[in-house]
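Hi,

Here's the structure I promised to pass on. Have a look at it first, and then read my notes underneath.

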Amino acid sequence: SPLFRDQVLDLAFRKKGQPGLNSDHLKEILLPDVSLVEQNRILRYLTPLNERSDQLRRSIKPIGELIDKVLFSAFSIDKGAFDAVERENPLNVSILDIEKNNGNMRFSYRWNKAVVLQEYLKANILCCKKLGNYIIDTQNGWSPVCNNWKGTYQVLGVDAIARDGVIRFNNVKYSSEDNEKIAQYYVKDGDFYVSRGNTAELVAMAAIAHVKVDTPTTIFPDLMIRVRFGEEIINEYLALVFNSSIGRYYFKYSAKGKNQTMVKVSKQELRDFYIPIPEIEVQEKIVKAIHGELKKQRAIKDQLASLDAEKSTLFMRLLQG
């Protein structure tokens, strides 16, 4: 309840640095002096609501799981079998396989794991094609000196790329640094972005920018790549494929970097990426189905937020008698 949470947050943030609690903090928390009889009376009212909250929370699924559910069903692929390929260890790869599939002649275990996963998809999805055949151009962003308060324009962070395939503008930085070519880094409506650098699990996440008229001028940073594709691909469809297990596994193993807390992809890894590219009508159907699943999840979260507010209100009213 707010009565408790507000105190906890106040105590946790008293110390500079990482917020946290210790046993002395717990002793400072003030609780209402309520008899056992009254506590049980309150619980009788709140228990059904708590049970409903638990039920709703159990029905919330990770976004990646929802994307996979629709995508793998659309192409009749066994997700469990695909995951098993990803877990397979060791790999048996011939030099001929490396020569055939590897333009950069990369010999690492990680790269060849990516190749094996791609081969599985190509063997099971007839419309699996190399993305490079559809890329018109790519452009890396620019990272000016930024601050958290104000500037002539705002700058996206790599965390602006969300798993649902949409760019978020709610955690930006600001800058006034000049650049004679700055206009080429402006974020425009419908742009497709890929994270160029991140952890092995998050690198090459993709999202689409939906820019409103009143959105401040925004530029994309050096750790993002803007990609433009031909008319055979719907950007929203492609972003969701990038963020599915198909994309996550490929880029997890094809990204370059000795330190797995920061790996990078280049346009070469993007061009070598094999993905299912069906007819436009099928792409539209898949996007619509995924958006439908995401909408259901948002409705559940809205119900949960409403129920939590109802519990807090009821709790405070019961305390007051």
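Below is what I found, starting with the sheet and moving on to two helices and one arginine. One thing to keep in mind as you read is that this is a predicted model.

**The sheet**

There's an open sheet of four strands, and if you walk across it the order is β2-β9-β5-β7, with antiparallel pairing. The strands at the edges are β2 (135-140) and β7 (206-208); each has a single partner strand, so one side of each is left without a neighbour in the sheet. From one strand to the next, the twist averages 30°. If you want to look at one pairing in detail, try β2 with β9 (residues 224-229), where five bridges join the two strands in the antiparallel sense. For a place to begin, find Asn140, whose bridge partner in β9 is Ile225.

**A helix across the sheet**

Helix α8 (residues 235-242) lies across β5 (192-195), β7 and β9, and runs at about 155° to β7. Is this helix mostly covered or mostly open? It's mostly covered, with seven of its eight residues buried. Among those buried residues are Tyr237, Leu238, Leu240 and Phe242.

**A helix with a bend**

Next, take helix α3 (residues 36-58). With 23 residues at 1.5 Å each, α3 should span 33 Å, and its end C-alpha atoms are 31 Å apart, which agrees. Still, α3 has a bend of about 40° at Leu46, and a proline, Pro48, follows within four residues. Leu46 is also one of the buried residues of α3, alongside Ile42, Leu49, Ser53 and Leu56. Part of what covers the buried residues of α3 is α11 (280-319). As you look at how they are spaced, remember that an α-helix has 3.6 residues a turn, so residues three or four places apart point the same way.

**A buried arginine**

Back in the sheet, have a look at Arg226, which is found in strand β9. Its relative accessibility is 12%, under the 20% cut-off, so Arg226 counts as buried. What does its side chain make polar contacts with? One answer is the side chain of Asp191, at 3.0 Å. A polar atom of the Arg226 side chain also lies 2.4 Å from the backbone oxygen of Gln184. Leaving aside residues up to four places away in sequence, Arg226 touches a list of residues including Asp137, Thr138, Gln139, Tyr185, Phe192 and Phe220.

Happy browsing!

How values were computed
Residues numbered from 1 in each chain as written. Predicted model: local features only at pLDDT ≥ 70, side-chain atom pairs only at ≥ 80, totals over all residues. Heavy atoms only, no water. Pairing = 2+ DSSP bridges. Axes fitted to C-alpha atoms, helices over the stretch in contact; angles between N-to-C directions. Contact = heavy atoms within 4.5 Å. Expected span 1.5 Å × (residues − 1). Bend = angle between axes of the 7 residues up to and from the residue. Buried < 20%, exposed > 50% of the residue type's maximum accessible area, 1.4 Å probe, protein only. Polar contact = N/O pair within 3.5 Å; in protein donor to acceptor, adjacent residues only side chain to side chain.
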